[in-house]
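Hi everyone, thanks for coming. I'd like to walk you through a structure today, so please have a look at the screen while I talk.

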Amino acid sequence: MTARQVMEVPLVVLRTGVADQRAKRLRRSSRSLERLIGVIALLSIWQVAAWLGWITPDILAGPLNVLGTAWDLLVDGTLAGAVCASLQRVVIGLAIGIPVGVGLAVWSGLSRTGENLVDSPMQMIRFLPVIALQPLFLLWFGIGNEAKIALISFGVVFPVYINTSVAIRTIDPRNLELAKTIGLTRWATIRRVVLTAVTPAFLVGLRMAVAISWLILVFAEQINAREGVGALVIKAQTFFLTDVIVVCLGVYAVLGLLSDFGVRLLERKVLQWQPGR
Amino acid sequence: MATREIDLIDTLNDELSAELDRNSDSKTVESGIATDVREVRRVFGDRVVLDGINLKLHRGEFVALLGRSGSGKTTLLRALAGLDTGVTGTILVPEQRSVVFQDPRLLPWAKVLDNVVLGLKGDEHRRHGEEVLAEVGLAGHESDWPKTLSGGEAQRVSLARALVRQPDLLLLDEPFGALDALTRIRMHTLLQRLCSRYTPAVLLVTHDVDEALLLADRVLVLTEGEISLDLPVTIPSPRLRGDSTFIALRSRLLAELGVDEVAEGDHERNPS
């Protein structure tokens, strides 16, 4: 090789020391402040519109009015009773639907027969809009709580099934090989390797299931319900009590947020092992 | 894919134990033999990867298997590990055997000690697991998550996982291939010490001639599906790369592997 030729290379200055933690935190706090201001502004406009009579209470009650009603409903126990009835439906529905979804996913993910028997029907049925099944469920289970719980159970099976079964099928085969070389039994392999490996995907499915369960609940309990948040809404609608309706909407939102927060908390606890956590 | 793999676990275990039974009935094994491979063939499509392999490992013997990439080394190891159902021929292996793969294959959701004693029940095994972890220099890391380990540490955990089962046959599939040179030297010393303590028969698959000569009692070279060289290594310990016997054996092995030492060495020294 000949002697290396020396050439001028233009150099650029890289920015350093810019993104320090303090600046980042400051930016974040100012951002959340701006968001808060946005929400307050919206509420203020709504309240002012109510005061000025632009929006009458039979169309939409004002925020302060809603707040007062919320307090009344809270104090006289109406809200607690309604929330309990609704929560019970969702919890029982999830308690039935989730194990069914996981069970079907494990069966279809781990055995050829299971896959053939389970997966195609599941893939077909999942395109049915769940709420369209309400009339049939009413015929099968009557107009009581059972139909509502059954509809929720049915609806949550699919997100759990889809997420879990796909994850089982795409499990790292190297881990299964390992299980074999150290002589794990089939059951131990399922428990220690397969189920743990699919936990992240299952939790994604669970989050979707929880969201869907509230959606189905809202729909199901506005038909023929004697108790629960949905029943309260329908009763309020009859008397143009828009303040009660808005309170109920708020309750739905809070319940949905809380349950999602619960799943995320669970995620953080169970998935500590994941890289990047 | 998972379906197939898991279905395989069952069928293979059955087949394997059936075969082991048959073999123990019909064939006698010489005493002191830890592994006996007879006329093992493996064909992928119309490519013959293993073409009638015969191989005996004695108890406590450390054998290195060299070969160019694609020579079938890993295929042979996987056959001995019971991970390949497509092989034909007879394979007699001890019931207790462990594999260390090139990647540590630690379950990310199990802490270090749980990975080591995976599938073993009882406090006794956990205590033993802690002991072996200490032996590989990882005492105090029992409840770490695998994600916090370096590559060398993870591979030592996987070595501990293999040894805690007290295998009569230890299969190593390029276990140090992904490690840096310094870590690799440490792992060689560690492996030597552990093998002299646990005395399993060892089959080390590697493409590193020096590694083979440093560790093995016997070096095999696999060429196009056949064992083309079976070379006892008689270098007294401690083995040093500068030793004249070492250098002679090294040249011999490189030649067998089809590497022209002079030409390639020159090339290495003067990259242009």
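Let me begin with one term: two strands count as paired if DSSP finds at least two bridges between them. Please also keep in mind that what you see is a predicted model.

With that term in hand, look at chain B. Strand β3, residues 62-67, and strand β8, residues 218-223, are joined by five bridges and run parallel. One of the partnerships to look for is B:L65, whose bridge partner in β8(B) is B:L220.

Now let's zoom out to the sheet around that pair. It is an open sheet of six strands, and in chain B the order reads β5-β6-β7-β3-β8-β9, with mixed pairing. Which strands stand at the edges? They are β5 (97-100) and β9 (226-232) of chain B; each has a single partner strand, so one side of each has no neighbour in the sheet. On average, neighbouring strands here are turned by 20 degrees against each other, direction ignored. A helix packs on this sheet too: α2 of chain B, residues 73-80, touches β3, β6, β7 (201-206) and β8 of chain B. The direction of α2(B) makes about 150 degrees with that of β7(B).

Let's stop at β6(B) for a moment. How many of its residues are buried? Five of its five are, so to speak, under cover: β6(B) is mostly covered. From this strand, B:L169, B:L171 and B:D173 point one way, while B:L170 and B:L172 point the other way, and all are buried. Notice that B:D173 is in that list; Asp counts as charged. On one flank, four bridges join β5(B) to β6(B), and the two run parallel. There, B:V100 stands opposite B:L172. Five bridges join β6(B) to β7(B), again running parallel, and B:L170 stands opposite B:V202 in β7(B).

Chain B has another open sheet to show you. Three strands make it up, in the order β2-β1-β4, and the pairing is antiparallel. Here β2 (47-58) and β4 (88-92) of chain B are at the edges; with a single partner strand each, one side of each is therefore left without a neighbour in the sheet. The twist averages 10 degrees from one strand to the next. Between β1 (residues 33-44) and β4(B) there are four bridges, and these strands run antiparallel. If you want a pair to click on, B:R38 has B:T90 as its bridge partner in β4(B).

Next, the nonpolar cores. The largest one has 104 residues, and the members that touch the most other members are B:L65, B:L203 and B:V219. Which element gives the most to this core? That is α6(A), with 13 residues. You have met B:L65 already, in its pairing with B:L220. Leaving out residues up to four places away in sequence, B:L65 touches B:K73, B:L76, B:L203, B:L204, B:V205, B:L220 and B:L222. Apart from the largest core lies another, of 14 residues, including A:L73, A:L79, A:A82 and A:L232.

That brings us to where the chains meet. The contact takes 29 residues from chain A and 23 residues from chain B. On the side of chain A that touches chain B, the elements giving two or more residues are α3 (78-110), α4 (112-125), α6 (145-169), α7 (173-181) and α8 (186-197) of chain A. The largest share comes from α7(A), with eight residues. Sorted by class, this side of chain A has 13 nonpolar, eight polar and eight charged residues.

Staying with chain A, its domain assignment gives domain 1 (21-55) and domain 2 (70-270). Taken over C-alpha atoms, the centres of these two domains of chain A are separated by 34 Å.

Finally, some backbone angles. Most residues other than glycine have a negative phi. A:F240 has a positive phi, near 55 degrees, and lies in the loop between α10 (229-238) and α11 (242-270) of chain A. Is A:F240 buried or partly exposed? It counts as partly exposed because it has 14 C-beta neighbours inside 10 Å, and being buried takes 20 or more. In chain B, phi of B:Q166 is positive as well, near 40 degrees. B:Q166 lies in the loop between α5 (151-163) and β6 (169-173) of chain B, and with 13 C-beta neighbours inside 10 Å, B:Q166 counts as partly exposed.

Thanks for listening, and I'm happy to go back to any part of it.

Methods
Residues are numbered from 1 along each chain as its sequence is written. Chains are lettered from A and ligands numbered from 1 in the order in which they are written. This is a predicted model: local features need pLDDT of at least 70, side-chain atom pairs count only at pLDDT 80 or more; totals for chains, interfaces and linings use all residues. Two residues are in contact if their C-beta atoms, placed from the backbone, lie within 7 Å. Domain bounds come from an automatic or database domain assignment. A nonpolar core is a set of buried Ala, Val, Leu, Ile, Met, Phe, Trp, Tyr and Cys residues joined through C-beta atoms within 7 Å. A residue is buried if 20 or more other C-beta atoms lie within 10 Å of its own, exposed if 12 or fewer, and partly exposed in between; C-beta atoms are placed from the backbone. Axes are lines fitted to C-alpha atoms, for helices over the stretch in contact, and angles run from 0 to 180 degrees between N-to-C directions.
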